[in-house]
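Please open the structure in a viewer and keep the selection panel at hand. The tour proceeds by selections, each followed by a short account of what is found there.

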Amino acid sequence: AEAAPARPGLLGRLLGRGDTPAVTRRALDDDMLEQLEELLISADMGVDTALRVTANMAEGRMGKRLSSLEIKQLLAAEITRIMEPVARPMPLYPNRPQVVLVVGVNGSGKTTTIGKLASQFKAAGKSVVIAAGDTFRAAAVEQLQVWGDRAGVPVLTAPEGSDPASLAFDAMTRAEADGADLLMIDTAGRLQNRADLMEELSKIVRVIRKKDPSAPHNTLLVLDATTGQNALSQVEIFQKLADVSGLVMTKLDGTARGGVLVALADKFGLPIHAIGVGEQIDDLAPFDPEDFAAALTG
Ligand code: GDP
């Protein structure tokens, strides 16, 4: 018989040549569990989470003969169970403006995500103002203006090198005067000097709280899914720098193995508000746990 073509994804890698996913059965034993753990780890899930997922999946099933399709479905159900509580859109509040602080390392997709979100909010009938708070990167400010134009949303800027907190204050004033629903504030993402960045972020927060003590209402951390396990340490770092309220995972359209999202949910339980699935303005999608689990265990 001809060899079955290699299949991508976890299910494919579980199959022996000539196996049929729904038919060929193997006992769920220690060997099989180890193989599953390795597959999940290679999908960026991290050791702790991979062990937990496989252990939960195997509970009460050791020694049972399962097809690879059944195994895939059981794993997907386990992953869905972990992801469901964190799949939550960004909450909206009646405050005007609702202040959304956007943090993350440079290159993670902050600018792009702000543009995409602004466009979505605008389509939902909200008025939005953007503040280009990364005043030390002229290119970032320019890029944000491009996205603001695309979304049809005003972008407030300040001269290169000027104080981001004073820009944030001016942006609050403008957003209040305009009766804007949302003010999205971009921030710097240089981790090289964390003490500086912490001071910069906390000064922005102090200043906007002079106008609204409940602000910022959301602090979004933008993470690049292609950085794999690095995303975990970025969450730890930014939780120390700011009061992170939710995540946006970018670049899930590319080669990202995505398993890091499960590790993030398992470790931090922070809501995943949206996922970036491309470079265009409409390429921001709600996070769907079932679709995600099905794709990850493919
Ligand atoms: P920032 O430095 O954090 O503001 O990052 P940018 O928004 O400038 O994004 C950095 C790069 O990542 C740009 O080339 C974006 O086009 C790209 N990018 C951002 N989000 C996504 C995404 O969801 N998918 C893909 N494929 N590329 C993205």
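The stops below lead from the whole chain to the ligand, the largest pocket and several individual residues.

**The whole protein**

Begin with the complete protein in a cartoon view, bearing in mind that this is a predicted model. The fold contains 11 helices and 10 strands. Measuring tools aside, the computed extent of the C-alpha trace along its principal axes is about 70 × 35 × 35 Å. The protein has 298 residues, of which 52% count as buried.

**The ligand and its shell**

Select the ligand next, together with the residues around it. How many residues surround the ligand? The shell is made up of 17 residues, and the closest are G107, T111, T112, D253 and E279. Helix α5 makes the greatest contribution to this shell, with 4 residues; in the sequence, α5 covers residues 110–123. When the shell is coloured by class, 9 residues appear as polar, 6 as charged and 2 as nonpolar.

Three polar contacts may now be displayed one after another.

- Select D253: an N or O atom of its side chain lies 2.7 Å from a nitrogen atom of the ligand.
- Select K251: a polar atom of its backbone lies 3.0 Å from an oxygen atom of the ligand.
- Select R137: an N or O atom of its side chain lies 3.4 Å from an oxygen atom of the ligand.

Taken on its own, the ligand has 580 Å² of accessible area, and the protein covers 79% of it.

**K251 in its loop**

Remain with K251 and show its backbone. K251 belongs to the loop between β8 (246–250) and α10 (259–268). Its phi angle is positive, at about 65°, although K251 is not a glycine. Is K251 buried or partly exposed? Its relative accessibility is 32%, so K251 counts as partly exposed.

**D44, another residue with positive phi**

Move to D44, in the loop between α2 (30–42) and α3. Here phi is about 80°, a positive value in a residue that is not a glycine. D44 counts as buried because its relative accessibility is 10%, and the cut-off for buried is under 20%.

**The largest pocket**

Hide the ligand shell and display the surface of the protein. Rolling a probe the size of a water molecule over the atoms shows where empty space is left. The largest pocket has a volume of about 280 Å³. Its lining consists of 17 residues, and those closest to the centre of the pocket are P89, M90, L117, Q120 and H273. Which elements each supply at least two residues of this lining? They are helix α5 (110–123) and strand β9 (272–276). By class, the lining of the pocket divides into 14 nonpolar residues, 2 polar and 1 charged.

**Two cis peptide bonds**

Select R96 and P97 and show the backbone between them. The peptide bond joining R96 and P97 is cis, with omega about -5°. P97 is placed in the loop between α4 (68–83) and β3 (98–103).

Then select A215 and P216. The bond from A215 to P216 is also a cis peptide bond, and its omega is near -10°. P216 is in the loop between α8 and β7 (218–224).

**Helix α8 and the loop before it**

Select V207, which is part of helix α8. With 13% relative accessibility, V207 counts as buried. Add A165 to the selection: the C-alpha atoms of V207 and A165 are 6.3 Å apart in space, while 42 residues separate them in sequence.

Follow the chain to T187, in the loop between β6 (182–186) and α8 (194–211). T187 has a relative accessible area of 0% and is therefore buried. What lies 2.7 Å from a polar atom of the T187 side chain? The backbone oxygen of V102 is found at that distance.

**T54 in helix α3**

The final selection is T54, in helix α3 (residues 47–58). T54 has a relative accessibility of 1%, so it counts as buried. Add R81 to complete the view: R81 is 27 residues from T54 along the chain, and their C-alpha atoms are separated by 13 Å.

Methods
Residues are numbered from 1 along each chain as its sequence is written. Side-chain values use heavy atoms; hydrogens and water are left out. On a 1 Å grid over the protein atoms alone, a cavity is a set of points where a 1.4 Å probe fits but cannot get out, and a pocket is an open set with protein on both sides within 12 Å along at least five of seven lines; lining residues have an atom within 4 Å of a point. Grid points are joined across faces, edges and corners, and a volume is the space filled by probe spheres set on the points. Ala, Val, Leu, Ile, Met, Phe, Trp, Tyr, Cys and Pro count as nonpolar, Asp, Glu, Lys and Arg as charged, and the others, Gly among them, as polar. A residue is near a molecule or strand if one of its heavy atoms lies within 4 Å of it. A polar contact is a pair of N or O atoms within 3.5 Å; within protein, one must be able to donate a hydrogen and the other to accept it, and residues adjacent in sequence count only if both atoms are side-chain atoms. Accessible areas come from the Shrake-Rupley method with a 1.4 Å probe; for residues, only the protein chains shown count as cover. Buried means under 20% relative accessible area, exposed over 50%, partly exposed in between (1.4 Å probe, protein chains only).
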